[in-house]
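Here's a quick briefing to read with the model open in your viewer. It goes topic by topic, so feel free to jump around.

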Amino acid sequence: GEEALAEVGLVIGVPVQPMLAASAADVPAALDKLPLPVVADFKLDGIRVQVHRDRDRVLIFTRSLDDITERLPEVVDAVRALPAERLVLDGEVMALAPDGRPAAFQVTASRTATRADPSTTTPQMPLSVSFFDLLHLDGFDLLAAPLADRLVAMQRLLPPELMVPRRVCTNQQAVVGAFTDAMAQGYEGLVVKKLDAGYAAGRRDPGWIKIKPRQTFDLVVLAAEWGHGRREGKLSNLHLAARDGDRLVMLGKTFKGLTDELLRWQTKKFLELETSRTGGTVFIEPSVVVEIACDGIQTSSRYPGGIALRFARVLRYRPDKSAADADTLDTVRSLIPVADQ
């Protein structure tokens, strides 16, 4: 009954699904959904971690609730040093470049994927943990507490070096300033948060809204793969290329962002432009230009271009442009973060 349900709560050592942020294209769009004042957290491009401590026992879980405690001894030591016996913290782990700026995501992913001694793997890339939420503290569950209360508890518990860079902003100009500073310092953007929001475990909640800069490129479609499931019978996954002199060099693939209308159009169009087939892939005359948005660029050996587009998705086709108008490989490469080069 209701009394039994009321007794169900957070259990130290048992991870919960993390709260996720909604998205907005820019600061004004985010503030249309959130009342001022707001908390503006710098957005970290790392590995999400949920850290549980019960006296000397510390456990670290990923976003998918995998236990990676053995891989992050420096995080274990940092949490054991905090002035509390029982707690649950939410944050991210990032590798840092020699200048202290955040390293590329793939560096962090590689560093946290190994069980080897961190001091012998990438000593030039130490790990840093930054916490942005507190779900439990010494017998008190804080999931339902407003963020403002959780902020006060975090400020009392955590030293500045273990807290995400954040600001309380009372107007749009202050949020824009925080976004500009976050980008200048190598962060991924902002997460703007409602001060009275609880912690919505396992949900994408409008109490948190992430804002990231969007990079767009005009790329040439080399081929498309037949879709599966509801896309069966339609050409879906696009092979994308940039210009490199007289050549077209493949950068990656995407099927994201394609509406049913675009799927129908491109299937008809690509079959008209077909030059050959291999298995489930239809190769076409390289004359179609598509505008692609992505959340970042990183080095990669997976494709001939030596780079990869993060979270690439289709915005629109560009019938007004020819392959000669597509972006160059040098243009795309120029946006790789320095720490990733």
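**Helix α7 and its surroundings**

Asparagine 171 caps the N-terminal end of α7, with a side-chain oxygen 3.2 Å from the backbone nitrogen of glutamine 173. Keep in mind that this is a predicted model. The notes below start with α7, then move to the cores, the strands and a few backbone oddities.

**More on α7**

- Helix α7 covers residues 172-184, and its 13 residues should span 18 Å at 1.5 Å a residue; the end C-alpha atoms are indeed 18 Å apart, so the two agree.
- The buried residues in α7 are Val175, Ala178, Phe179 and Ala182. Since they cover an arc of only 100° around the axis, they sit on the same side of α7.
- Gln173 and Ala184 are exposed, and they are carried on the face of α7 turned away from its buried side.
- What do the buried residues of α7 pack against? Their partners are α2 (27-31), β2 (38-43), β8 (166-169), β9 (189-194) and β10 (204-211).
- After α7 comes glycine 186, which has a positive phi near 90°.

**Nonpolar cores**

- As general background, nonpolar side chains in soluble globular proteins tend to be buried together.
- The largest nonpolar core here has 34 residues, and the members touching the most other members are Val38, Val175, Leu190, Val192 and Trp208.
- Two or more residues of this core come from each of β1 (20-24), α2, β2, β5 (86-95), β6 (127-137), α7, β9 and β10.
- Which element gives the largest share of this core? That would be α7, with four residues.
- Leaving out residues up to four places away in sequence, tryptophan 208 touches Met19, Ala21, Ala22, Arg48, Asp90, Phe132, Asp133, Val191, Val192, Lys193 and Tyr199.
- Another core lies apart from the largest one; it has 32 residues, including Ile68, Val79, Leu134 and Met163.

**Strands β2, β9 and β10**

- β9 is mostly covered, with five of its six residues buried.
- β2 and β9 run antiparallel and are joined by six bridges. For a handle on the register, alanine 40 has valine 192 in β9 as its bridge partner.
- β9 also pairs with β10, again in the antiparallel sense, over four bridges. Here valine 191 has lysine 210 in β10 as its bridge partner.

**The five-strand sheet**

- An open sheet of five strands runs in the order β4-β3-β5-β6-β7, and its pairing is antiparallel.
- Which strands are at the edges? They are β4 and β7 (140-141), each of which pairs on one side only.
- Two bridges link β6 and β7 in the antiparallel sense. Histidine 136 has its bridge partner in β7, namely aspartate 141.

**Backbone geometry to check**

- The peptide bond from leucine 36 to proline 37 is cis, with omega near -5°. Proline 37 is in the loop between α2 and β2.
- Leucine 65 isn't a glycine, yet its phi is positive, at about 70°. You'll find leucine 65 in the loop between β4 (57-62) and α3 (73-80). With a relative accessible area of 27%, leucine 65 is partly exposed, because that class runs between the 20% limit for buried and the 50% limit for exposed.
- Phenylalanine 311 is another non-glycine with a positive phi, about 55° in this case. Look for phenylalanine 311 in the loop between β18 (307-310) and β19 (313-317). Its relative accessibility is 47%, so phenylalanine 311 counts as partly exposed.

**Threonine 281**

- Threonine 281 belongs to strand β15 (residues 281-284).
- Is threonine 281 buried or exposed? Its relative accessible area is 11%, and buried means under 20%, so threonine 281 is buried.
- Beyond its neighbours within four places in sequence, threonine 281 is in contact with Ala223, Ala224, Glu225, His239 and Ser276.

Definitions and conventions:
Residues numbered from 1 in each chain as written. Predicted model: local features only at pLDDT ≥ 70, side-chain atom pairs only at ≥ 80, totals over all residues. Heavy atoms only, no water. Buried < 20%, exposed > 50% of the residue type's maximum accessible area, 1.4 Å probe, protein only. Contact = heavy atoms within 4.5 Å. Expected span 1.5 Å × (residues − 1). Arc of directions from axis to C-beta. Polar contact = N/O pair within 3.5 Å; in protein donor to acceptor, adjacent residues only side chain to side chain. Core = buried A, V, L, I, M, F, W, Y, C linked by side-chain atoms within 4.5 Å. Pairing = 2+ DSSP bridges.
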